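Here is a short round of questions on one protein model. Look at the structure first, then read on.

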Amino acid sequence: MVDYTIDLTEKKQFRVMLNPVRQEMIHLLRLVARPLSANRVAEVMQLSPNAAHSHLNKLVKMGLVSAQEGTRSDGSKTTYYQMRDVKLRLCLGRKDAFQGEREALAANLVDSTFRSMLENVYRYDEEQLHDYGVLRFGALHLDTAQRKELMELVERYLEEHSVPRPEAEEHWEYVVLAYRAGEEL
C-alpha cells in the first residue's frame, strides 16, 4: 500500500508544504487520482504553466509527487504528475524549532478539508446530505484494547481505500481527528 513515510523535520520541507498553492495541488492530485500534465494543473488551478511546473517540481523533489514522461494525443512529449502513495507524518507532539509550522500545517489541512466539504454539501438537499457529507463529533469511552482496535481498523480501512481504482464511482476526502482526552477526566 504505502510506498514510504515522509517525516516533516526540515525547514525546506515546511517551506514546500506551507505554500497554499502546493497544498491545493496536493489536494487536486489526490482527488483526481490520475496523472495530469503541468498545463492541465495550471488550467484547473488558474495558474500559468510555468508556475504550475515550478510548484510541481518542488513536490517531486520532496517525494510526494512522481513525474513521468508521456505523449499527448497530438504526439508531443510532456511530463505527467501524479501523487505518490506516501504517508506524510507531521509529528505534532515533537517539541523543536518547527512546532509552530507543524501546527499551522495541520490546521490548514483540516480547514481546507472542512471548506471543501462546505462547498460540496450545498449541492445536495437535506435528504441526500447524509449520503454525501459526514461531520460527526462526540466522545468515545474505550479501554486500551478497544482504542487499539479502533485505530487499527481506521488505519487499515483508510490504507485499503486510498489506492486509486479506475472503477471507483465516488471520491471522498477526509480528516480523521481523534486524540486521547486528559487523564484527569
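Q: Which residue follows H3, and what is the sign and value of its phi?
A: This is a predicted model, where local features need pLDDT of at least 70, side-chain atom pairs count only at pLDDT 80 or more, and totals for chains, interfaces and linings use all residues. Residues are numbered from 1 along each chain as its sequence is written, and side-chain values use heavy atoms, with hydrogens and water left out. Helices (H or I, at least four residues) and strands (E, at least two) are DSSP runs numbered from the N terminus. After H3 comes Gln-46, with a positive phi near 60°.

Q: On how wide an arc do the buried residues of H3 lie?
A: Buried means under 20% relative accessible area, exposed over 50%, partly exposed in between (1.4 Å probe, protein chains only). In H3 (residues 38-45) the buried residues are Ala-38, Val-41, Ala-42 and Met-45. They sit on the same side of H3, because their arc around the axis, taken from the directions from the axis to the C-beta atoms, is only 100°.

Q: Which elements do the buried residues of H3 pack against?
A: Contact means heavy atoms within 4.5 Å. The partners are H2, strand S2 (36-37), H4 and strand S4 (77-83).

Q: How are H2 and H4 oriented to each other?
A: The axes of H2 (residues 20-32) and H4 (residues 49-62) come within 10 Å and cross at roughly 75°. Axes are lines fitted to C-alpha atoms, for helices over the stretch in contact, and angles run from 0 to 180 degrees between N-to-C directions. Angles under 35 degrees count as roughly parallel, over 145 as roughly antiparallel, 65 to 115 as roughly perpendicular and the rest as oblique. H2 and H4 are therefore roughly perpendicular.

Q: Which strands stand at the edges of the sheet?
A: Strands pair if DSSP finds at least two bridges between them. Three strands form an open antiparallel sheet, ordered S2-S4-S3. Each edge strand has a single partner, so one side of each lacks a neighbour in the sheet; these strands are S2 and S3 (65-71).

Q: Which residue in S4 is the bridge partner of Val-65?
A: S3 and S4 run antiparallel, joined by seven bridges. The partner of Val-65 is Met-83.

Q: Is Thr-113 buried or exposed?
A: Thr-113 lies in H5 (residues 99-121). Leaving out residues up to four places away in sequence, Thr-113 touches Glu-173, Tyr-174 and Val-175. Its relative accessibility is 13%, so Thr-113 counts as buried.
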